[in-house]
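Me: Please take me through some selected details here, one question at a time, and give the cut-offs behind each term as we go.

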Amino acid sequence: MEQYIVSARKYRPSTFRSVVGQQSLTHTLKSAIDSGHLAHAYLFCGPRGVGKTSCARIFAKTINCLHPTAEGEACNECESCVAFNEQRSLNIVELDAASNNSVDDIRNLIEQVRIPPQIGRYRVFIIDEVHMLSTAAFNAFLKTLEEPPAHAIFILATTEKHKILPTILSRCQIYDFSRITIPDIVDQLKYIAGNEGISAEPAALNVIAQKADGAMRDALSIFDQVAASSGGSITYASTIDNLNVLDHDYYFRLMEAFRTCNVTEALLIYKEIRDKGFDSLFFINGLAKHIRDMMVASTPQTHKLLDMGEEVAARFISESAKFHPKFYYMAMDLCNTCDLNYRTASNKQFLVELTLIKICRLLERPTTPPAAPGGGNGGGGTATPQPTTRQPAPATTASPQPRATAPAMPQAQHTATPAQPAAAPATAAATTASDPKVAYTPRQAAARPIPTNMPGNMPRIMINNTAPQQAASNNAPAAQAQRRLSPFTAEQMLEAWNKYIEAHPSEKVIVNTMRTALPKRVNDTLYEIYVENVGQVEFIKARQTEIVEFLRQQLSNDMVAIDVKVNESGPAPKFWSPREIVEDMAQRNPEVRNMIQELGLSLA
């Protein structure tokens, strides 16, 4: 019986042409060999399993080849190439720095550098995982690395370039190896499967490539594992079962539940995933990546960012057309918030379920009564959303029947309200109350949609998820008509900001934080508040709801919103002298000023 050799060794590249995913780098090395411009030291760095050591061996073999081909490859026939292929060449010395990282190991290597090659022109010393060398070993190696004999070439390989001393880096030509793309890995796996007589579904190979995370060696190891367990026939089902991978179908089913605002279906899919043993944090991160891929697939210009096979990418592109881009932005933000809060949450399952509910409520599909006879809908179908206006209707205007489009600003004195989606009103109210980004007030009785210039019958994206029972009350149109939309200037915004500071003189922390803030206008109602550090961001966000409500009252505009950010490009914080501190305290507090005057105090 022939001895079995794993694919990672059997199909290890032996020529520059067979190196996968590093075409530009191998072309540079071949050009250097052809022109004879060889450096005395090279540094190959990059992720694991991308071909660093393989390229070092191919390079060493090629520069010693006695009869190189016209393409710049080794001939594999001369004495030097045959000795290399049989692993008995004395011109190539490999050192594993992970286990030979002492000064004595480097001194032994330096002693070998003096010996000239027996066959060929160069002796090549390959030091793998060079970042593992000790500082003393690096220092002992510096002089030899800078001025080696003419016949010596050093090739250093590492996965962590940042750990190497700058003095070493400055003596080497640095080549950065990139992660291997999923299409390149899939093509190589197809080639190997054909050579080995293994049938493999393209979708299964795509899963293996994604699991490998850009490392060809990892992909070959996973390929061997799946091939052994599936009896030589690699199917998509057997691959995801063997690798315990969460299938894309689960996420696509979730997206359909989000599109139809089906909270029940979303929670049941999540339970099904948990029952299969998948961690909730792994699930929420996978959902975030899935939504990101759908966002990328929704725009033709960003299709090249889809790191997946053609068949899977085609499905993402077709499914992404069902959603508006605004949905992707808000859904990714909710997933990111869940990921940040997951580790500190006492009830992790509830946190994930609440996130799914919030994503379901991002899309609202209003149900409308049948159109009147002779109307434009022809038979009572759902009406196409009509453009809405921000101007509230006069309170005395009456409408003979409800509009068929559930506009953002309902006309006053409606006698009936369209039915709400199937989610329970209490659930929607709880969702709004728990979301710190939604500022809920009694005046916001109806959700405010974005402009309806969407293709087809795409559902609207609601900016504010408000309680359905408020929208259903008879007073909702009147409350909506009272929404304040007075225009204001940046100067008026700054004046209102300072009024809040003056109204809270005793709260030193928030007041001092707001004094250093820098409001910047984004649009008519949104302002970015720039502060000096992350701590100040937290101080303002803790009072953000109260501050926003105060600004809305002062400016008579219920659409005012603020976004707090760190001013990374701003000036450095001011350092106050003791005299400035005392003068500021006396100016702010009359009692301190009186005490200084009565006691006749002064600074030396």
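Me: In which class does Arg 315 fall, buried, partly exposed or exposed?

Reply: This is a predicted model, in which local features need pLDDT of at least 70 and side-chain atom pairs count only at pLDDT 80 or more, while totals for chains, interfaces and linings use all residues. Residues are numbered from 1 along each chain as its sequence is written, and side-chain values use heavy atoms, with hydrogens and water left out. The classes rest on relative accessible area, computed with a 1.4 Å probe on protein chains only: buried is under 20%, exposed is over 50%, and partly exposed lies in between. With a relative accessible area of 36%, Arg 315 is therefore partly exposed.

Me: Which residue forms a salt bridge with Arg 315?

Reply: A salt bridge here is a side-chain nitrogen of Lys or Arg within 4 Å of a carboxyl oxygen of Asp or Glu, and the whole structure holds 23 of them. In the one that involves Arg 315, the closest N and O atoms are 2.7 Å apart, and the partner is Asp 249.

Me: How many residues apart in sequence are the parts that this pair ties together?

Reply: Helices (H or I, at least four residues) and strands (E, at least two) are DSSP runs numbered from the N terminus. Asp 249, itself partly exposed at 32%, lies in helix H12 (residues 248–259), whereas Arg 315 lies in helix H15 (residues 310–320), so the parts tied together are apart in sequence by 66 residues.

Me: Which residue forms a salt bridge with Glu 272?

Reply: The closest N and O atoms of this pair are 3.2 Å apart, and the partner of Glu 272 is Arg 253. The pair links distant parts of the chain, 19 residues apart, with Glu 272 in helix H13 (residues 263–275) and its partner in helix H12. Glu 272 is partly exposed, at 30%, and a relative accessible area of 34% likewise makes partly exposed the class of the partner, Arg 253.

Me: Which residues do shared salt-bridge partners join into one network with Lys 289?

Reply: Lys 289 meets Asp 293 in a salt bridge of 3.0 Å, N to O, and both lie in helix H14 (residues 280–297), four residues apart, about one turn of the helix. Lys 289 counts as partly exposed at 47%, whereas Asp 293 is buried at 2%. Salt bridges that share partners join Lys 289 into one network with Arg 292 and Asp 293.

Me: At what angle do the axes of H9 and H10 cross?

Reply: Two packed helices are described by the angle between their axes and the distance between the axes. The axes are lines fitted to C-alpha atoms, for helices over the stretch in contact, with angles running from 0 to 180 degrees between N-to-C directions. H9 (residues 202–212) and H10 (residues 216–229) have axes that come within 8 Å, and these cross at roughly 135 degrees.

Me: How do the residues of the contact of H9 with H10 divide into nonpolar, polar and charged?

Reply: With contact meaning heavy atoms within 4.5 Å, Leu 205, Ile 208, Lys 211 and Ala 212 in H9 meet Asp 218, Ala 219, Ile 222, Phe 223 and Val 226 in H10. Ala, Val, Leu, Ile, Met, Phe, Trp, Tyr, Cys and Pro count as nonpolar, Asp, Glu, Lys and Arg as charged, and the others, Gly among them, as polar. The division is thus seven nonpolar, no polar and two charged.
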